[in-house]
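Visitor: I would like to learn how the labels in a structure are earned. Could you show me one and take my questions?

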Amino acid sequence: MARSLHHKKHKIAYVLVAILLLFVIATLPFAVTSIFQDFVDQSNTTYTIEHSATHDTSIDNIHVHVDVVSLNEWDGTANFRVSTYNNCSKNCTPKRIVFSSVLDTLNHTEDVPTSQEILLTTPGKVETQTVILPLFGDPIRYPYDEFNLGLGLQIIDNKPEGHPATASAANTNNHVDFTLQARVPRIVMEKPTPVAPTKIGNIALRNAYTNVELLTFTRPLYIQLLTLVLILLISIAAACAVFMRPLNEIVINSGALVLGVWGIRSILLGTAVPGITSVDLALSVIILFLLIGIAVRTFHFLDDQSGIHMLKIRKKSKDKENN
């Protein structure tokens, strides 16, 4: 009976390991390709959102380049480095560029977007400033989390007091070159998608923006695959340790097993993660299973060694009830 049970355990372990190896082999080409592309392609894609066909010096030409330099998933913010160049005459009207996070205004008529503006003060000079805007997403789903930001660009004439500001979206004397690039480690930005003005719930703001782009950020494929494979591997290792190793070895090495499981976290997440993610939850479940398995096997061993045989007595009582 014991030999048959032992044989079944080995067959189950064999099947699980075989399935896991097949999964690793199947996903390995995708992971290697993703790592290779991330390693070789050092230059991030620059997306041209708006391009001016003319560069007539008699017309105001504004060049705006936006770098997404960091995402703070737990604060829900994105940091942008904005480089601007105002190619206009010395007597041209100063401009204000307003950056807005308009995702919360989509299909909501009463919401007001969070905005931050920069002032173009010196014609013919490159200026660099920082803009911080709200980000929408849930980091607990790491590495399968997704973050979105609706970026609205508004160029306004900064006229003296007493004169109404004019939105340049309707001003033909302004031509804008607007480019966008992401430089965030362990993050992939998909190609920006234009948002139609009719999707903005606040009717008063529908014609206010020069451009509205939906930015979507995800994790690289190799991080997603590596996380899944490592958690599966550590799960199999924990199961084998609980069911196949002698009890005295498990008890002696239980601390090392727990630390080994939790050490996977530092590989996948690093050290500067202030909140709980799906990786933490998965590893916590594995550790809980490991400790419960050790406790159950210890109880079974002590029940047999103590002579109480509570498990056997309970089994006999059930057999009598069935008969």
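Guide: Gladly. Keep in mind that this is a predicted model. Let us begin with D67. Its relative accessibility is 5%.

Visitor: Why is D67 called buried?

Guide: Buried means under 20% relative accessible area. D67 has 5%, so D67 counts as buried.

Visitor: And what makes R81 partly exposed?

Guide: The label covers values between 20% and 50%. R81 has a relative accessible area of 33%, so R81 is partly exposed.

Visitor: Why is the pair R81 and D67 called a salt bridge?

Guide: The rule asks for a side-chain nitrogen of Lys or Arg within 4 Å of a carboxyl oxygen of Asp or Glu. The closest N and O atoms of R81 and D67 are 3.3 Å apart, so the pair passes.

Visitor: How do you know that this pair links distant parts of the chain?

Guide: Look at where each partner sits. R81 is in strand β3, residues 77-87. D67 is in strand β2, residues 60-72. The two are 14 residues apart. There is also a network of salt bridges here, linking D67, R81 and R183.

Visitor: How many salt bridges does the rule give?

Guide: The count comes to six. Another one joins the side chains of R219 and E73, at 2.8 Å from N to O.

Visitor: Where do R219 and E73 lie?

Guide: R219 is in the loop between β12 (211-218) and α2 (221-244). E73 is in the loop between β2 and β3. They are 146 residues apart. Both R219 and E73 are buried.

Visitor: What makes E117 and R96 a salt bridge?

Guide: Their closest N and O atoms are 2.8 Å apart, and the cut-off is 4 Å, so the label fits. E117 lies in strand β5 (residues 114-120), and R96 lies in strand β4 (residues 95-101). The pair therefore ties together parts that are 21 residues apart in sequence.

Visitor: Are E117 and R96 buried or partly exposed?

Guide: One of each. E117 has 45% relative accessibility, which is between 20% and 50%, so E117 is partly exposed. R96 has 18%, which is under 20%, so R96 is buried.

Visitor: Why is S34 called buried?

Guide: S34 is in helix α1, residues 2-40. Its relative accessibility is 11%, under the 20% cut-off, so S34 counts as buried. Leaving out residues up to four places away in sequence, S34 touches P220, L221 and Y222.

Visitor: What about N72, then: buried or partly exposed?

Guide: N72 is in strand β2. At 31%, N72 falls between 20% and 50%, so N72 is partly exposed. The C-alpha atoms of N72 and P139 are separated by 9.7 Å, with their positions 67 residues apart along the chain.

Visitor: Which residues have the most contacts inside the largest nonpolar core?

Guide: They are V68, F80, I97, F99 and F217. That core has 31 residues. F217 touches V68, L71 and L135, among others. A second, separate core of 21 residues includes V242, I250, L268 and V279.

Visitor: And what does the whole chain look like in numbers?

Guide: The chain has six helices and twelve strands. Of its 323 residues, 37% are buried. Its accessible surface is about 19,200 Å², and 61% of that belongs to carbon and sulfur atoms.

Note on methods
Residues are numbered from 1 along each chain as its sequence is written. This is a predicted model: local features need pLDDT of at least 70, side-chain atom pairs count only at pLDDT 80 or more; totals for chains, interfaces and linings use all residues. Side-chain values use heavy atoms; hydrogens and water are left out. Helices (H or I, at least four residues) and strands (E, at least two) are DSSP runs, numbered from the N terminus. Buried means under 20% relative accessible area, exposed over 50%, partly exposed in between (1.4 Å probe, protein chains only). Accessible areas come from the Shrake-Rupley method with a 1.4 Å probe; for residues, only the protein chains shown count as cover. Contact means heavy atoms within 4.5 Å. A nonpolar core is a set of buried Ala, Val, Leu, Ile, Met, Phe, Trp, Tyr and Cys residues joined through side-chain atoms within 4.5 Å.
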